[in-house]
Amino acid sequence: MEALYATVTGVLTACGIYLTLRGRTFPVVVGLTLLSYAVNLFLFSMGGLASKSTTIVDSSFPYADPLPQALVLTAIVIGFAMTAFVVILAMRTRGDLGSDSVDGQRTDEPREERK
Amino acid sequence: MTLLLIILLPLIGSLVPLASARFKRTTIAWLVAILPAIALGVAAYHTTSVFSGNIPTVSLPWVPSLSLDLAFRLDGLSLLFVYLVLGIGLLIILYARYYLSENDSIVRFYGYLMLFMTAMLGIVTSDNLLLLWFFWELTSLSSFLLIGYWSGLSSARKGARMALTVTGAGGLCLLAGILLIGNVVGSFDLTTVLESRELIQSSPYYTAILLLVLLGAFTKSAQFPFQFWLPHAMAAPTPVSAYLHSATMVKAGVFLLARFYPVLSGTDEWFYIVTLVGLTTLLYGAFFALIKQDLKGVLAFSTISHLGLITLLFGFNTELAAVAAVFHIINHATFKASLFMAAGIVDHECGTRDIRKLNGLWRYMPYTTVLAAVASASMAGVPLLNGFLSKEMFLAQSLDAQMLGGLSWIIPALATLGSILSVAYSLRFIHDVFFNGEPKDLPKTPHEPPRYMRLPIEVLILICVLVGILPAILIEPILTAATAAVVPGEPPQVHLSLWHGLNLPLMMSGIALMGGLLVYIARDHIYRFHRQFKTLNARDSFESMVQKLVKLCQWSIDRFENGSLQRYMFWLLLTAVGFAASGLFQVPKLAGDKVVQPVDSVLIIGGVILCLAAIGTIMTHRKRLISLLFLSVVGMLVSLTFARFSAPDLALTQLAVEVVTIILLMLALFFLPQKTPKESTGGRVLRDLLLAGTFGGVIASLNYAVITRPVDSISRFFIENSVPGGGGHNIVNVILVDFRGFDTLGEITVLGIAGVAIYKLLNRLRLFMPSSDLEGRPWSSERFPVILYSVSQTLLPLALLVSAFIFLRGHNLPGGGFIAGLVAAVAIILIYMARGVEWSQRRLSFNYQPIAVTGVAIAALTGLGSWVFNAPFLTSSFGHFEIPVIGDIELATALLFDLGVYLTVVGATLMILANLGKVTTSHRPTKEKQ
């Protein structure tokens, strides 16, 4: 099970990184989202993989490690805030510069309809 | 404590010119002179005490953690320099009043000058090595300002920059040397260091210390091969040159040699380095002083030469040589300051400093001619003047230097050669300028300068003559006191007299005078000889070096910072993967000792779908909508993963966030191109795949290595204290709102800030609106599907109820502010989607920004509230309350904090999505509005 979990984390990381290396804003945002899934899964597993456990006191199950859970919970919310910020930044960039490329060479696209 | 006044008065004095800017120039000069004059009086007050062998000190702690104290001492050497700095400084103040023209800001000049004076006094009186270094760098900075005083001139700017670079770099070497000394001795206290001669010389760091300290001294004193900055510092106004190059700046270097003489000298290294550098500088400077056609250039190179002479004397390692060095410091300061001032007068009255044009000035300014001639004679070492005495001692000492074995005769021979050249250029300075025919096309008709412009020179010349005739009475006491501070152990008996009998040094002096005359007569041959060499302009080569350095930096910046995110990411990731991999290499084997848990078919299927969805995301990334759909699959499965591994809170959060994220990305996609053009070349794709694959592999290995090893977590504390300390059964929630509440406060603040930033980014955004989808189909005219909006309206109250329920139970069961907030936000978003922004806005007529801000404020105030009860920030408390009908209920202040979290999440999420939604309505293509 551990090997499977680690493999999934690795695949998500690799896919996320490949997309962040693309030259347009949208794939980069998607890549960052994938990467944040991977990071969250990675951090979450730092307490070990606990099946049929709980983080509620006085229940009949053994305890899972609550600390990584608490940390990852806030990480998910912050991750959303950052994704939102980056994607709006991407929109703003396109609005102001007329291009969504991030490879340093400004290739302005033909402006179809602009208001 | 009066010692402090010596430093403080000039420091305050640097503000005097500013305060008196509205007065006349003469008044300003007098006002500026008052404070240094008082400081001179303070020094005089201490003189008898110092002469009788006392060393007044004062020490105040400044930065104790760095061993940096405001510690000052006034030993003989310090006293001598204090006299020089303040005495000549006062003369310069008077001289500058007449030298500077109406157009030059005298206020700025005096301000810089006093700052420089303070720095110089600080160097010579510091009793703490770090303090000494502090003042040392302050002289570099203030001399930069002085040399660049005429900042309109390119030569002034370049000269100043060069001086700052060279002396500043030397200062850093000095700092390194001082730190090493502090390391060896264990203290930066100068008194302690001066007593640790054996300790330092036996230390393995001795050579390094010596080299670093000497680098500091040599750069400051313009010793070969660092001499090149000094001639270009002549771009400064002449009063500055007269001050910097006679009594102060360059003397700081030789002062440093004298200061460290007791601890560093006496070794072979000291002898060879210092002697060789001094001798080279002496001859180099003397030769170029003979060649230069610029009046100040001649003086600049002669200064270099004389500094070389002083350095050489310190290198001899004998007590009498040290006495001679100190003596020559005094003499050189007096005659060189007066010569510079004389040169300044010539420049001022004739409008040029070119020796080829200046001739026969004695007819126009006979009085100045006499003064300059006496000063020059002193420089040449003519009897009855002070320069003769120290030069005689120098020649005598050069005869005693035996370290070169059978070749020791070279040193006196070269010393005599230096003296010959010295006589020749002194002669040239007088004969070429003031005699030798008529002046050639001068810009001005020369005449005698104002009375008070000559006064400083007269004072200095008087000293030259009196010391030269009556050395025993005038100079012996201070020289004895100064030498006592330089020479370790019993101070040598200093006996100065004019006549030592007919001996070898006297003969060498005679040879020097005669030889100098001959060289001067034969000077044309030397010029002709020199002309065949290509002249190197130090400033130009320095400048081109600086330019090359700038170009190199620019080039490397361009290489790395080309504006491409891809390149930055590539280097960043490569570095990261390097670090992560290097950690893995040190692990003996990948798998840990923990028993591996079995896999079941559900897990395998889930894992495979997760991987396939992730791969699908990248395979289809050029068709953005499809890619996004794959992404949502990944998110859902991640949420399930959390649920599977006993983290219901996480699963709920991930689920809610997933919904919000995908809605957000879809909205954004509406404004972004629907497709990604194919841009990456095959090579680039391969490179990225390799990097991504490596990174994924490293992360997977790392993850596997960690989770197969037993954990020793600090979580036991949280589990044990959750109920007794935090009053909640849901440990995750108690950690969030109680144990690590400060983290959470920070995080909701970030969330709020992100919301505000997005609100700002969307402000006045101009967007590209597609009027149809990719295949050219227009958007559906039915904007608000009936079923959706009926369902959403029914769902809203239910969803809000669920949200409240999740919020309230969060402290004891899965749930809490974050999740509840997200659920509420999703429900409201659904209304927006079903009914459109205008419709919803009319009914939800409030802004979301205040909600988010209120949330952060409630959380912060809850934290602050604990201060009222004298508890640390964010301390929580809880209790049980009996409420009629409902019954026993447990309330915790943490609930209030969680309410803050809840409001922030709702506010920020809606701020982001509703504002983005608003952008779509105002820009909707008009044909669809009908």
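**Loops, helices and contacts in a predicted model**

Biologist: In the loop between helix 10 and helix 11 of chain B, which is where B:Ala222 is found, what is the value of phi at B:Ala222?
Modeller: The model is a predicted one. B:Ala222 has a positive phi although the residue is other than glycine. The value of phi at B:Ala222 is near 55°.

Biologist: Is B:Ala222 buried or exposed?
Modeller: The relative accessible area of B:Ala222 is 0%. Buried means under 20%, so B:Ala222 counts as buried.

Biologist: Which two residues does a cis peptide bond join?
Modeller: The second residue of the pair is in the loop between helix 10 (206–220) and helix 11 (229–232) of chain B. Omega of the bond is about 5°. The bond joins B:Phe224 and B:Pro225.

Biologist: Where in chain A does A:Asp58 lie?
Modeller: A:Asp58 has a positive phi, near 65°. At 61% relative accessibility, A:Asp58 is exposed. Its place is the loop between helix 2 and helix 3 (66–97) of chain A.

Biologist: How many salt bridges does the whole structure hold?
Modeller: The search covers all chains. One of the pairs is A:Arg22 with B:Asp688. The count over all chains is 22.

Biologist: What is the N to O distance between A:Arg22 and B:Asp688, and why does the pair join two chains?
Modeller: A:Arg22 lies in the loop between helix 1 (2–20) and helix 2 (25–44) of chain A, while B:Asp688 lies in helix 30 of chain B, so the salt bridge joins two chains. Both residues are buried. The distance, N to O, is 2.2 Å.

Biologist: Which residue of chain B forms a salt bridge with B:Asp688?
Modeller: B:Asp688 has a relative accessible area of 0% and is buried. Its partner in chain B counts as partly exposed, at 27% relative accessibility. The closest N and O atoms are 3.3 Å apart, and the partner is B:Arg687.

Biologist: What separates B:Arg454 and B:Glu458 along helix 20 of chain B?
Modeller: The two residues form a salt bridge, with 3.7 Å between the closest N and O atoms. Both B:Arg454 and B:Glu458 are buried. They are 4 residues apart in helix 20 (residues 451–469), so the separation is about one helical turn.

Biologist: Which residues are linked in a network of salt bridges?
Modeller: The network lies in chain B. Two of its members are Arg and two are Asp. The linked residues are B:Arg73, B:Asp75, B:Asp127 and B:Arg259.

Biologist: What span should helix 4 of chain B have?
Modeller: Helix 4 has 24 residues (76–99), of which 20 are buried, so the helix is largely enclosed by the rest of the structure. The rise is taken as 1.5 Å a residue, and the expected span uses one less than the number of residues. The end C-alpha atoms agree with the expected value, which is 34 Å.

Biologist: How many residues of helix 19 of chain B are buried?
Modeller: Helix 19 runs over residues 410–434, and its end C-alpha atoms are 36 Å apart, in agreement with the expected span. The helix is followed by B:Asn436, whose phi is positive, near 60°. Helix 19 is mostly covered, and of its 25 residues the number buried is 19.

Biologist: Which helix gives the largest share of the nonpolar patch?
Modeller: The patch is about 640 Å² and is made by B:Leu384, B:Leu462, B:Leu466, B:Ile469, B:Leu470, B:Ile473 and B:Leu474. Two or more residues come from each of helix 20 and helix 21 (471–474) of chain B. B:Leu470, in the loop between these helices, is partly exposed at 40%. The largest share, 3 residues, comes from helix 20 of chain B.

Biologist: Which residues gather in a patch of positive charge on the surface?
Modeller: One member lies in the loop between helix 29 (648–671) and helix 30 (682–707) of chain B. That residue, B:Lys678, is exposed, with a relative accessible area of 65%. The patch consists of B:Arg622, B:Lys623, B:Lys675 and B:Lys678.

Biologist: How far apart in space are B:Gly592 and B:Ala705?
Modeller: B:Gly592 is in the loop between helix 26 (565–585) and helix 27 (601–619) of chain B, and counts as buried at 15% relative accessibility. In sequence the two residues are 113 residues apart. In space, C-alpha to C-alpha, the distance is 6.2 Å.

Technical notes. Residues numbered from 1 in each chain as written. Chains lettered and ligands numbered in written order. Predicted model: local features only at pLDDT ≥ 70, side-chain atom pairs only at ≥ 80, totals over all residues. Heavy atoms only, no water. Patch = residues over 30% accessible without salt bridge, like charges linked within 9 Å, V, L, I, M, F, W, Y side chains within 5 Å. Areas by Shrake-Rupley, 256 points an atom, 1.4 Å probe, with all protein chains shown as cover. Salt bridge = Lys/Arg side-chain N within 4 Å of Asp/Glu carboxyl O. Lys, Arg positive; Asp, Glu negative; His and termini not counted. Charge placed at Lys NZ, Arg CZ, Asp CG, Glu CD. Buried < 20%, exposed > 50% of the residue type's maximum accessible area, 1.4 Å probe, protein only.
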